[in-house]
Amino acid sequence: MIAKPNPKEKYDLICVGGGIMSATLALMTKIIDPDANIIIFERLKKVAQESTEAWNNSGTGHSAFCELNYTPQQENGSIDISKAKEIFQQYEQSKQFWSYLLEKDMLKKPKSFIHSLPHHSWVTGQDNVDFLKKRHAEMSKSFMFEEMKFSEKPEELEKWFPLIIKDRNLSEPMAGTRMELGTGVNFGNLTEQFFKILQEEFNVPILLDHEVLDIDPDGKDDWLIEVKYNKTDYKTYYDSEHVFIGAGGGALPLLQKVEIDEKEGYGGFPVSGQWLFCKNQEVIEKHHAKVYSKAGPDAPPMSTPHLDSRFINGKKQLLFGPFAGFSTKFLKEGSLLDLPKSIKLDNIPSMWGVFWHNIPLTKYLLEQIKMDHEDRMNELRTFVKDAKSNEWELKVAGQRVQIIKKDEEQGGTLEFGTDVVHSKDGKITALLGASPGASTAVHIMIDVLKIAFPEKLKEETVKAKLDEMIPFWNRKISEENKEEFREIQKKTSKLLELNVLH
């Protein structure tokens, strides 16, 4: 255990939570300002154990290549790809930062956390085939997605994902798209490596088994953080100018204790994820892809079914899901009282509005909870016709707390993205929400830096360092800078040992 720092010492930044978000923010901050005084607290005995842990998320490097919910069809029949372009750009920023760390020899082995893995969308039924064809036509107009392939030919689809095509009625309408540039990421391994860099290169204390209990104003400009060492229940107080709450599902209960107006009306709706994972190595080896399909009519976007190859702790795995579960816990290692305790006077209208306007979602969750192993296997068999029940096992993944926000018309709305909630002066920032989360951590933390340290980001030396770390940190990828972007993308792919554009 790292020795406790002097509690009287003042910090520039305290990060709450030992996941990808705190690790990314702390590392970016130390690179642009090596003198920044930072400390990190994690309530568990190891970092990266909740949503960041490899089994607890989808491990998809979200580039919007295969996720159909990022490209909705409008009432007039057109396909809106604006969200897909945003997600693509945000993930490219992550790759640029990771490749910078490799170039500087801070990260060593890219294969320890990232692999090339083709991303596919796959649909059945004529209406869905028409949608996918239209989506491909719209997306391939943009240079970001011009490499995307589309096919309705069973023999081509069989080359892409043989497990799915095997034993299928080839007269049924179906289609797929393929992006060779897709990636799979082990965010758990990456986060552990970030914390190692922070400790060894930058001497940042990371206090494990330490739980942040409260955050109170301390004078005009600072915050006093109350921290309990779980092993002894001993409490210590730390002083900081800035606090980032990046504690996943634990962020909302802590934010609710902070005296800022901006937290008003926020609530959380916990949903747990579950995966079927394959135990037969022969079957695992027959699939090398991430294949996403369409969610059911009442299912939330996060429930999009997918059959995924994964690399976890150096071993190839095959997972199908996600299936939804329900628990009142906000964290996998949380308390059953998390949800009831989060209901406050200021968020009751939001919570009630969301319940009243999302009855189909409630019904969907109840149906998911009632499923037994054979029900889940039947869902899997819509992808893999000959899946054998004894070759697949259920694994509980991470807890996700979806954001509930105030809404003038409906009382409250349920959101499936992420939200940075912050005080007016930017000295308190908190990240709420889930997907696409980890993939876009760098983009989200750039936003946090802009909110928390606006003056610092105006300094020429800091801007130059950010340009070096993340060339597109503060500008859009567009047709005008296409050639420059392609060169950077090529360099990034080589450093990360990924497929390179031809």
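## An exposed aspartate with positive phi

Asp167 is exposed, with a relative accessible area of 56%. The cut-off for that label is over 50%, so Asp167 qualifies. This is a predicted model, and the values below are computed from it.

Where does Asp167 sit? Asp167 is found in the loop between α5 and β6. Helix α5 covers residues 162-165, and strand β6 covers 174-179. The backbone of Asp167 also deserves a look. Its phi is near 65 degrees, a positive value in a residue other than glycine.

## Two further positive phi values

Ala48 is another non-glycine residue with a positive phi, here about 55 degrees. Its place is the loop between β2 (38-41) and α2. Is Ala48 buried or exposed? Ala48 is buried, at a relative accessible area of 2%. Buried means under 20%, so Ala48 meets that cut-off.

Asp105 comes just after α2 and takes a positive phi of about 65 degrees.

## Helices α1 and α2

Helix α2 runs over residues 82-103. Its 22 residues should span 32 Å at 1.5 Å a residue. The end C-alpha atoms of α2 are 32 Å apart, which agrees with that expectation. How many residues of α2 are buried? The count is 17 of its 22 residues, so α2 is mostly covered.

Helix α1 takes in residues 20-32, a run of 13 residues. From its first C-alpha to its last, α1 reaches 18 Å. That is close to the 18 Å expected at 1.5 Å a residue. Burial in α1 stands at 13 of its 13 residues.

## A cis peptide bond in β15

Which residues does the cis peptide bond join? The bond links Gly321 and Pro322. Its omega is about 0 degrees. Pro322 lies in strand β15, which spans residues 315-325.

## Glu374 and its contacts

Glu374 belongs to helix α12, residues 373-380. Its relative accessible area is 36%, and Glu374 is partly exposed. That label applies because 36% falls between the 20% and 50% cut-offs.

Which residues does Glu374 touch, leaving aside those up to four places away in sequence? Glu374 touches Arg381 and Ser389. Ser389 is 15 residues from Glu374 along the chain. The C-alpha atoms of Glu374 and Ser389 are separated by 7.1 Å.

## The whole chain

The secondary structure of the protein chain comes to 15 helices and 19 strands. The radius of gyration is 23 Å, close to the 23 Å that the globule rule gives for 502 residues, so the chain is as compact as a globular protein of that length. Along its principal axes, the C-alpha trace spans about 70 × 50 × 45 Å.

Buried residues make up 57% of the 502 residues. Contacts can be split by sequence separation. Among those between residues at least 6 apart in sequence, 71% join residues at least 24 apart.

## Surface and charge

How much area does the protein chain expose? The figure is about 21,700 Å². Carbon and sulfur atoms supply 50% of that exposed area.

The protein chain carries 66 positive and 77 negative side chains. The centres of these two sets lie 4 Å apart.

Technical notes. Residues numbered from 1 in each chain as written. Predicted model: local features only at pLDDT ≥ 70, side-chain atom pairs only at ≥ 80, totals over all residues. Heavy atoms only, no water. Helix = DSSP H or I, 4+ residues; strand = E, 2+ residues; numbered from the N terminus. Rg over C-alpha atoms; globule rule 2.2 N^0.38 Å. Buried < 20%, exposed > 50% of the residue type's maximum accessible area, 1.4 Å probe, protein only. Contact = heavy atoms within 4.5 Å. Areas by Shrake-Rupley, 256 points an atom, 1.4 Å probe, with all protein chains shown as cover. Lys, Arg positive; Asp, Glu negative; His and termini not counted. Charge placed at Lys NZ, Arg CZ, Asp CG, Glu CD. Expected span 1.5 Å × (residues − 1).
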